[in-house]
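Here's a quick look at one chain, with its helix packing and its pockets in mind. Have the model open as you read.

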Amino acid sequence: MEGGHFAIRDWSEDDKPREKLMLKGKEALSDAELMAILIGSGSRNESAVALSQRILASAKNLNSLWKMSVSQLMKFKGIGEAKAVSIVAALELGRRQRAEDILKLKKITSSKDAFTIMQPIIGELPHEEFWVLFLNNSNKVISKAQLSKGGIAGTIVDVRLVFKLGLENGATGLILCHNHPSGELNPSQADKQITKKIKTAGEILDVKILDHLIITETKYYSFVDEGIF
């Protein structure tokens, strides 16, 4: 016993997170047990699992936890910089893996398909980013690229870079995507202007702009679906 709790080293082998993972597989572990493996140890008065449970209870869900910065995680007693960095890095790897799996699908047949690819990448960011999906003649995604990264209110897009990357990828179609951290779906006047500018340039270069999506955490706005194109 230490300060009223059993340290993880005193638990039965079946209940220790690392040993449990080795014996039963990763699927057998709770979120708190997986996080406990990441942070390695708790404090004198709290096991790593209990500390992880406290953090998860405060975050409410993994999506909210992913949004926490290193400095925010360090506000929890028992979490120093190294542990906070480990948590942030692990969650970011998970997000990237999910985004890669979704991209493998993917022939774009609707605006929802594009949303499915891009939501894990930009839907939950606290700042605005502008991305482009590059498609071939069969509307299959060749690649994707971040064009710009801005603040809460907006970002600037270089039209020349859009088509430079499009031509390098051999794309015949593009889908423009950016997020609104505010959760507001309606396009701004600036959104409409840059869309028109890119669409006009695409007509000259014979590269079709197939859609422009505004993405939030759970919803999206499609210029095509709304009749703006």
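What follows covers confidence, one helix pair and two pockets.

This is a predicted model, where local features need pLDDT of at least 70, side-chain atom pairs count only at pLDDT 80 or more, and totals for chains, interfaces and linings use all residues. Residues are numbered from 1 along each chain as its sequence is written, and side-chain values use heavy atoms, without hydrogens and water.

The chain's mean pLDDT (the predictor's confidence in each residue, from 0 to 100) is 86, with 88% of residues at 70 or more. Among the elements (DSSP runs: helices H or I, at least four residues; strands E, at least two), helix α4 (residues 62-67) has the lowest mean, 80, and strand β5 (residues 220-222) the highest, 97.

Helix α1 (residues 17-24) and helix α2 (residues 31-39) have axes that come within 9 Å and cross at roughly 115 degrees; axes are lines fitted to C-alpha atoms over the stretch in contact, with angles from 0 to 180 degrees between N-to-C directions. Pro 17, Arg 18, Lys 20 and Leu 21 of α1 meet Glu 33, Leu 34, Ala 36 and Ile 37 of α2 (heavy atoms within 4.5 Å).

Now the pockets: open sets on a 1 Å grid where a 1.4 Å probe fits, with protein on both sides within 12 Å along at least five of seven lines; lining residues have an atom within 4 Å of a point.

| Pocket | Volume |
|---|---|
| Largest | about 600 Å³ |
| Second largest | about 350 Å³ |

Leu 34, from that helix contact, is also one of the residues nearest the centre of the largest pocket. Helix α6 gives the largest share of that pocket's lining, six residues, and also the largest share of the second largest pocket's lining, four residues.

How values were computed
Points joined across faces, edges and corners; volume = space filled by probe spheres on them.
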